[in-house]
Structures are given as C-alpha cells and as structure tokens.
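Hi,

Here's the structure I promised to pass on. Have a look at it first, and my notes follow below.

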Amino acid sequence: MASATKVRIGDVARAAGVSVGTVSNVLNRPEIVSTDTRDRVHAAIAELGFVPNASARQLREGASRTAGVLVLDIANPFFTEMARGIEDRLIEAGLTMSLSSSDADPERERRVLEQFAQQRLRGVLVTPSRGTRDNLGILLEQGTRVVLLDHRPADSDLDAVASDDVAGGRIALQHLLALGHRRIGFLNGSLDIKQCRDRREGARQAITEHGGDPDEDLVEIEVASMDATNGHGAMAQLLEDHGELTAVFCINDLVALGAMRAAREAEVAVPGELSVLGYDDVSFAGELAVPLTSVRQPMYQMGAEAASLLLDPGAARQILFTPALVVRASTAPPR
C-alpha cells in the first residue's frame, strides 16, 4: 500500500481508469455514478490508501464551480494554449474557468483579483504581473486556493508551475553561438517581469561560458510590450543602430514575428543576413514563410498540471518544466 500522505486524487483516477471528476463524484455524489465505476474507484482507494483531507473536501464541496485564471495577456498564444490545458482539466472535474488579463499591470491585477475574491471562486491560478505576491493577500487571507502560473516563487508555501527560463535563455544563445554568431541582438521585455530577467540571465551565462563578454556581445533593447508591433519597432531600431549584428534573440515568438517583418521591410534576408530566434514555440512558429527557430515550452501541459494542483490540495508543490530548442529555418551560420 502506498503512503496515504503521498497519494493524490489523480493517482486514484489513474488506478481506477476514470477521470478525476469521477473520483470526486464517487466521494461526494456517489448516487450519480454507476455501481461498477464506484466499485473500481473504491478498490483503487483501498489499494492506494488514499485519504481525502479536509481542505480537499472543502474545495470539492464549495458553492462555486468556477476557478479564476489571471495571465499577463490572453492575446498571447502562449497563455491561450496554457489556458486550454487548464480548461480541459477543470472541465474534466466538473468546473468552469473565468479568464482575465493583467496586461502586466499591477493595478489592473489587483482589481481583477479583488473581483475574484468577491466571487468566492473555487480557486485562482495567476501569473504575477511583476513577479511578486503583493496582490495575492486578499485571496490568501480568505483561504482561497492559489496556484502560481509560469512563475517559480522564491519561497515554497504556494503551489506553482513554471518553466526554467534561465535554462531556456542559455540554450537559445548557445545555439546562436554554436552557429558562429558573436554580436547578437536581444529584444527583451521589462526587467520587472521575472521571465524576462531569467531569460536574460541565461543568455548572458551562455556568452560568458563561450568566452565572450555579455556587456559587449549582447545588444539589448527593451520592448514596451511583448507583442509583434513592438517587436517590429525594436527590430527596426536595432537594424538602424547596429547593422553589424548577425542574429537576434527575441523574448517571445510574437516579438520575433514583428522582428522578421521589420527585417523583410528593410530587405535584410532571414536567415541569410540575420538569424532570428524566438521563445515559446507557439502554434504559428512552424507555419511562417521562414519557419521560426524557438525555445519550446510545454504550454498545454503546464496549464493542465497547474489545474491538477488546484484540484488536489496538499503540501505546497513547485513543478518546473525544462524547455527545449526547436531548430527551424530562421537560424543559420553568419555569412
């Protein structure tokens, strides 16, 4: 028999061959579940030694059947795909999702979280706008379950799902350096955002490890917003001020999309004269006229795992995914 403290409702569901929502129904509304299914679930519970805890029962029996989700920008395909993973897992458990954007604005974030608190939602999944917990207090004080999305906290008292952005920035620059690029542009977002700081740190580490000087070899421009429009403007500036650059690393694929458009308008060939590397590997990355090399994050899996943490309260858990480089046609050795 497995240790009861380590067995989660998802383990019971897998052992019984049913969904997490079905296990929840067996525990709370057994009358709506067939006898054969109830028997399978109870057998799995007995075999695994699963003991529902009080907080999990409170989560299942709460009046609300909705979980709140607050991300930086729902127009960004990265968050759209993550939200789909969350939604699929919540629907499986009989819940729905309320989705909002903070636009990386702490004041807007505060207002949305206050609205979530007033609605007494089943729980909230949130990407902190500035990498801090300052606006979470109202939810935590009233006992609302909170799971951090795309954010690895410095402390360990909250559940969190994230990707290792330092590693992602490192593998991006390692790829460009291995191709022979030495002076590399970096279209970054605000350093108030932890993901931007971490990817920058990884990029600088790679240059140092390669024997270079990141202060000299990495030419960084901050985009006002991490979208294609601002990527286009920043790339146009980079081409005008630093025409010697042979490669550019973009903080995400939307910025990379704008950068490629600016290069095309300036008649700079990608990848012949300029290699472009993105981050996230969103759905369009491989469908562009010049398919985009990108650092892949498992967006759907991150969302689904975050929802699973919300549905299965217990000791705080931090889950860190490892990004991977997807090489396509937008990067090549410099001429």
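Phe186 and Phe249 are both buried. Keep in mind that this is a predicted model. For Phe249 the relative accessibility is 0%, so the residue counts as buried.

What sort of pair do the two rings make? Phe186 and Phe249 are stacked, because their ring planes are at 5°, with the centres 5.0 Å apart. Along the chain they are distant: Phe186 belongs to strand β6 (residues 184-188) and Phe249 to strand β8 (residues 247-250), 63 residues apart.

Phe249 also pairs with Tyr279, and that aromatic pair is tilted, at 6.3 Å centre to centre and 45° between the planes. Again distant parts of the chain are linked, since Tyr279 lies in strand β9 (residues 275-280), 30 residues from Phe249 in β8. Tyr279 is buried too, as its relative accessible area is 0%. Put together, Phe186, Phe249 and Tyr279 make one aromatic cluster.

The other thing I looked at is a helix pair. The axes of α8 (residues 165-179) and α9 (residues 194-209) come within 6 Å and cross at roughly 40°, so the two helices are oblique to each other. The crossing of α8 past α9 is right-handed. On the α8 side, the contact includes Val166, Leu173 and Leu177, while α9 brings in Ala203, Ala206 and Ile207, among others. Sorted by class, the α8 contact with α9 comprises 6 nonpolar, 5 polar and 6 charged residues.

Cheers

Note on methods: Residues numbered from 1 in each chain as written. Predicted model: local features only at pLDDT ≥ 70, side-chain atom pairs only at ≥ 80, totals over all residues. Heavy atoms only, no water. Axes fitted to C-alpha atoms, helices over the stretch in contact; angles between N-to-C directions. Helix = DSSP H or I, 4+ residues; strand = E, 2+ residues; numbered from the N terminus. Parallel < 35°, antiparallel > 145°, perpendicular 65-115°, else oblique. Left-handed = near helix turned anticlockwise from the far one by under 90°. Contact = heavy atoms within 4.5 Å. Nonpolar A, V, L, I, M, F, W, Y, C, P; charged D, E, K, R; others polar. Phe/Tyr/Trp six-rings, centres within 6.5 Å; stacked < 30°, edge-to-face > 60°. Buried < 20%, exposed > 50% of the residue type's maximum accessible area, 1.4 Å probe, protein only.
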